[in-house]
Amino acid sequence: APLFRKVGEYVHDGRMSIAQEHTLSAITKFFIGKRIAQHYRSDNSGKLKVTLATPTGEYHSIGLMLASLLLAEHNIN
């Protein structure tokens, strides 16, 4: 979160472009998603399951992905 706050400041101040921000987001999502996927390669049928969603109109999903990773690290789908 601190990284993305700083990037938001940089974009606002013109020190970074929106394209650079989107590139950072895409790379971050890729690696978080890869780590989450590692948890689903084993049998997880008996695990507690949780559904996560963003509020209506919210299109930034990195926080959601980090929450999913945290749950996966604690053996929760």
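**Entry 1: H39**

I began with the side chain of H39, one polar atom of which lies 3.3 Å from the backbone oxygen of A72. The model I am reading is a predicted one. I noted that this distance falls within the 3.5 Å allowed for a polar contact.

I then looked up where H39 sits in the chain, and found H39 in the loop between α2 (18–38) and α3 (62–73). Is H39 buried or exposed? I recorded a relative accessible area of 16% for H39, which is therefore buried, the limit being under 20%.

Next I listed the contacts of H39, setting aside its neighbours within four places in sequence. The residues I found in contact with H39 are K47, L69, A72 and E73. A72 thus appears in my notes both in this list and as the owner of the backbone oxygen 3.3 Å from the H39 side chain.

**Entry 2: F30 and F31**

I searched for aromatic pairs, and the count came to one. F30 and F31 form this pair, with 5.0 Å centre to centre and 85° between the planes. I entered the geometry as edge-to-face, because the angle is over 60 degrees.

I also checked the accessibility of F31, which is 52% in relative terms. F31 therefore counts as exposed, the threshold being over 50%.

**Entry 3: N75**

I turned last to N75, which is placed in the segment after α3. What is the phi of N75 near? I read a value near 65°, which is positive in a residue other than glycine. The relative accessibility of N75 is 48%, so I entered N75 as partly exposed.

Notes
Residues are numbered from 1 along each chain as its sequence is written. This is a predicted model: local features need pLDDT of at least 70, side-chain atom pairs count only at pLDDT 80 or more; totals for chains, interfaces and linings use all residues. Side-chain values use heavy atoms; hydrogens and water are left out. Rings of Phe, Tyr and Trp (its six-membered ring) pair if their centres lie within 6.5 Å; planes under 30 degrees apart count as stacked, over 60 as edge-to-face and the rest as tilted. Buried means under 20% relative accessible area, exposed over 50%, partly exposed in between (1.4 Å probe, protein chains only). Helices (H or I, at least four residues) and strands (E, at least two) are DSSP runs, numbered from the N terminus. A polar contact is a pair of N or O atoms within 3.5 Å; within protein, one must be able to donate a hydrogen and the other to accept it, and residues adjacent in sequence count only if both atoms are side-chain atoms. Contact means heavy atoms within 4.5 Å.
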